[in-house]
Amino acid sequence: MFSVDTTLHPGTQRPDELVPSRYALRVGEIDALVVSDGVLPLPTSTMATNADPTDLANWLDHMFMPPDAFDWPLNVMVARSGEQTILIDAGLGSQFSGFPRAGQFPQRLEAAGIALESVTDVVITHMHMDHVGGLLADGVKQRLRPDVRIHVAAAEVEFWTSPDFSHTVMPKPVPGVLRSTATSFYNEYRDNLRIFQDRHEVAPGVTVRLTGGHTPGHSVVDLVSGGERLMFAGDAMFPVGFDHPDWHNGFEHDPEESARVRIGLFQELVETRGLLVAAHLPFPSIGRVAADGDAFRWVPIIWDY
């Protein structure tokens, strides 16, 4: 099982951190590790673009969150199944000066004793910059295996050849950066891409499947082993989505479809009682989902020390 390794490894330094940045668990025979890539400061208006501003303000106050801006958590995962070590999303990278507190996953992975050289597969839930940017950070590609397999949906690759931002509500500089980062990722790693259509088994018990919504090729990853299951849901859901699954996020390219996908995944998690991890839920982002009338309720796990 992945464990927190407090020893130094050749060529790495232990970050001087006072808070946990990784959490290990097992899903049947699959080892899993949630890693915080840091946080992204964003305006709260992006959380609910179709909500009445008063309703959003009341929800933020109810959740003890600031009214104007908030720190958006950013999580990635690592899974080990058989002989394969799979990185699920790659965080932001260090090349965006406006987000100085994100882009932490390479150092935190090393501090956990997991070398980038050991990664056999990467699954990309979608090609937004906070999910592929880490693969473009200085020194990362040089550390990855030349034959690393990067799994991404065909619909996602196609979308970013000519992306549509007409239904998004993002801070002004973001669309251009999203477009250029997706292009750089594709150009840098095109020879490593393993493109799938709807569903693909990456490793025993590790399956990626297309959901669409947030982006046309957005996908989730299921870990299923020994009667246990965990879903890494990427950007299909955000903290406000449990109480208000019909509220649209400003980064959703198809907000109406995103809401349908979100509700469907919530209903699936209620039925299966499986664990949920998502990119933008507060670290370590591990819990279950319960039905709560027309909405849903987040039930965090109790940390296992």
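At 28% relative accessibility, R149 counts as partly exposed, and this arginine offers a convenient way into the predicted model described here. R149 forms a salt bridge with D121, and the closest N and O atoms of the two are 2.7 Å apart. The pair links distant parts of the chain, with D121 in strand 5 (residues 121-123) and R149 in strand 6 (residues 149-153), 28 residues apart. The aspartate has a relative accessible area of 0% and is therefore buried. The bridge between D121 and R149 thus joins a buried residue to a partly exposed one. Side chains of opposite charge can pair when their charged atoms come close.

The structure holds 12 salt bridges, and some others are worth a visit. K141 and E188 meet through their side chains in a salt bridge, at 3.1 Å from N to O. Here too, distant parts of the chain are linked: K141 belongs to helix 4 (residues 140-143) and E188 to helix 6 (residues 174-189), 47 residues apart. Both ends count as partly exposed, K141 at 32% relative accessibility and E188 at 39%. K141 has another partner as well, for its charged end sits over the ring of Y189, 5.2 Å from the ring centre.

A further salt bridge, between the side chains of R260 and E257, has an N to O distance of 2.8 Å. These two residues are three apart in helix 7 (residues 255-272), so about one helical turn separates them. An α-helix has 3.6 residues a turn, so residues three or four places apart point the same way. R260 counts as exposed, at 52% relative accessibility, while E257 is partly exposed at 25%. Elsewhere, salt bridges link R26, E29 and D31 in a network.

Helix 6, already met through E188, can be followed further. Its 16 residues should span 22 Å at 1.5 Å a residue, and the end C-alpha atoms are indeed 22 Å apart, so expectation and model agree. The buried residues of this helix are V174, P175, L178, T181, A182, F185 and Y189. Seen down the helix axis, they fall within an arc of 130°, which means that they line one face of helix 6. What lies over that face? The cover of the buried residues includes helix 3 (129-132), helix 4, strand 6 and strand 7 (193-196). Two of these names are familiar from the salt bridges: helix 4 contains K141, and strand 6 contains R149. Y189, whose ring lies beneath the charged end of K141, is itself one of the buried residues of helix 6.

Aromatic rings provide another set of contacts, with 11 aromatic pairs found in a search of the whole structure. W72 and F251 form an edge-to-face pair, 5.4 Å from centre to centre and with 75° between the planes. This pair spans distant parts of the chain: W72 lies in strand 3 (residues 69-81) and F251 in the loop between strand 11 (228-232) and helix 7, 179 residues apart. Both rings belong to buried residues, with W72 at a relative accessible area of 4% and F251 at 10% relative accessibility. The rings of F242 and W298 have centres 5.4 Å apart and planes at 45°, so this pair is tilted. F242 lies in the loop between strand 11 and helix 7 and W298 in strand 14 (residues 295-300), so the pair ties together parts that are 56 residues apart in sequence. F242 is buried at 4% relative accessibility, whereas W298 is partly exposed at 25%. Ring pairs also gather F70, W72, F238 and F251 into a cluster.

Finally, a few backbone details deserve attention. F283 and P284 are joined by a cis peptide bond, with omega at about 5°. P284 is located in the loop between strand 12 (275-277) and strand 13 (287-292). F64 is not a glycine, yet its phi is positive, at about 60°. This phenylalanine sits in the loop between helix 1 (53-62) and strand 3. D89, also not a glycine, has a positive phi of about 65°, and its place is the loop between strand 4 (84-88) and helix 2 (105-111). Which of the two is buried and which is exposed? F64 counts as exposed, at 79% relative accessibility, while D89 counts as buried, at 0%.

How values were computed:
Residues are numbered from 1 along each chain as its sequence is written. This is a predicted model: local features need pLDDT of at least 70, side-chain atom pairs count only at pLDDT 80 or more; totals for chains, interfaces and linings use all residues. Side-chain values use heavy atoms; hydrogens and water are left out. A salt bridge is a side-chain nitrogen of Lys or Arg within 4 Å of a carboxyl oxygen of Asp or Glu. Helices (H or I, at least four residues) and strands (E, at least two) are DSSP runs, numbered from the N terminus. Buried means under 20% relative accessible area, exposed over 50%, partly exposed in between (1.4 Å probe, protein chains only). Rings of Phe, Tyr and Trp (its six-membered ring) pair if their centres lie within 6.5 Å; planes under 30 degrees apart count as stacked, over 60 as edge-to-face and the rest as tilted. A charge sits over a ring if NZ of Lys or CZ of Arg is within 6 Å of the ring centre and within 35 degrees of the ring normal. The expected span of a helix is 1.5 Å times one less than its number of residues. The arc is that of the directions from the helix axis to the C-beta atoms. Contact means heavy atoms within 4.5 Å.
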